[in-house]
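I opened a new notebook page for this model. My plan is to look at its hollows, then its sheet, then its confidence values.

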Amino acid sequence: MTQQRPTPPLTQRRGPLRDRLVTLAATPDDHSSIEDDLITIAQLSAQLIAAASYASVTARQEDAYTTVAASDDIAVAVDQAQYADQTGPCLDALETARPLSVPDITATMRWPGFRDTAHRLGLHASLSIPLFAGRGQAIAALNLYGHDSTTMAALTAAVLATYDGDGLTSPDLDPGGAELVNGLTIAFAVRAIIQQAIGIIIAEQHGTPDRAYATLRLRAIDTGNSLIDTANAVLTEQQ
């Protein structure tokens with residue numbers, strides 16, 4: 001059966017990075033386009049965000065961590081140092097589903113393998129951001145590696161505020177950083193709609209979140225609609 005590509009619930013498009021983040025949030029976790037989205041997000045992040053000299057995306061596949069997308073071999077090398085030690089900011093961000101920043105790489109004592117490799121490659125700061133698809137759970141971590149601690153600090157503050165539900169964009173952000181934060185903000189709104197629909201289905205079925213998500217996913221396939229459109233339909237029916 002052919003899978004339909006979900007459309008972001010936007011009336012205006014304000015940037016490719018924002019659109020990809022929103023599309024990812026509305027895409028079923030098993031959709032064939034997920035890897036393409038992650039690759040594009042890594043590439044656009046390195047191109048557009050001033051704080052990010054390099055970017056990569058870490059995911060867990062078959063009980064092992066792997067870099068599924070990277071803008072440069074330098075990002076891959078820093079990722080690999082963390083995989084070798086089985087610890088590091090990108091791994092912790094993925095497992096905890098919370099952004100994790102290293103404002104001064106040379107000063108961190110928590111991850112020596114990461115610190116030594118990143119410092120040797122001339123990096124000064126990093127930020128790892130969990131990314132989620134339609135199920136609402138973290139499927140990957142976007143890793144931003146930079147030479148400028150000041151610009152990374154402004155981006156980190158804005159990203160953390162977004163995850164905490166603040167929704168405020170710092171005036172210190174460059175256009176690419178603002179686009180990232182905007183995309184994350186709308187992605188959270190998409191996730192909230194899908195999670196509300198899952199909650200309604202749980203109440204109807206007296207079942208589990210996994211079963212409710214599977215039901216929503218099947219309804220989307222049966223009707224030929226996107227996951228977000230199907231979730232909105234469930235909310236409309238409830239009203």
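**Entry 1: the cavity.** I searched this predicted model for cavities of 30 Å³ or more, and the count came to one. I noted a volume of about 40 Å³ for the largest cavity. Which residues line the largest cavity? I listed L21, L24, L131, F132, L184 and A187. Next I sorted this lining by type: six residues are nonpolar, none is polar and none is charged. I also checked which elements the lining comes from. Helix α1 (16–25), strand β4 and helix α7 (175–205) each give at least two residues.

**Entry 2: the pocket.** I then turned to the largest pocket, with a volume of about 180 Å³. I wrote down its lining: I34, E35, L38, A59, R60, Q61, V68, L94, E95, A138 and I139. How many of the lining residues of the largest pocket are charged? I found three charged, alongside seven nonpolar and one polar. At least two lining residues come from each of α2 (34–48), β1, α4 (89–96) and β5.

**Entry 3: the sheet.** I traced an open sheet of five strands. I read the order as β2-β1-β5-β4-β3, and the pairing is antiparallel. Why do β2 and β3 each have one side without a neighbour in the sheet? I see β2 (64–70) and β3 (100–102) at the edges, each with a single partner strand, so one side of each stays free of a neighbour in the sheet. I looked up the twist too: ignoring direction, neighbouring strands are turned by 25° against each other on average.

**Entry 4: one strand pair.** I zoomed in on β1 (residues 54–61) and β2. Six bridges join this antiparallel pair. I picked out one residue, V57, and its bridge partner in β2 is A69. Then I followed the chain through the hairpin of β1 and β2. Two residues sit between the strands, and E62 takes a positive phi near 55°. I added a reminder for reading strands: in a regular strand, side chains alternate between the two faces of the sheet.

**Entry 5: a helix on the sheet.** Which strands does helix α6 lie across? I found α6 (residues 149–163) across β3, β4 (125–132) and β5 (138–146). Against β4, helix α6 runs at about 25°.

**Entry 6: confidence.** I checked pLDDT last. The protein has a mean of 92, and 92% of its residues reach 70 or more. Where does pLDDT stay under 50? I marked residues 1–13. For this stretch the model has 36 contacts beyond four places in sequence.

Terms used. Residues numbered from 1 in each chain as written. Predicted model: local features only at pLDDT ≥ 70, side-chain atom pairs only at ≥ 80, totals over all residues. Heavy atoms only, no water. Pairing = 2+ DSSP bridges. Helix = DSSP H or I, 4+ residues; strand = E, 2+ residues; numbered from the N terminus. Axes fitted to C-alpha atoms, helices over the stretch in contact; angles between N-to-C directions. Contact = heavy atoms within 4.5 Å. 1 Å grid on protein atoms, 1.4 Å probe; cavity = no way out; pocket = protein on both sides within 12 Å on 5 of 7 lines; lining within 4 Å. Points joined across faces, edges and corners; volume = space filled by probe spheres on them. Nonpolar A, V, L, I, M, F, W, Y, C, P; charged D, E, K, R; others polar. pLDDT = per-residue confidence, 0-100.
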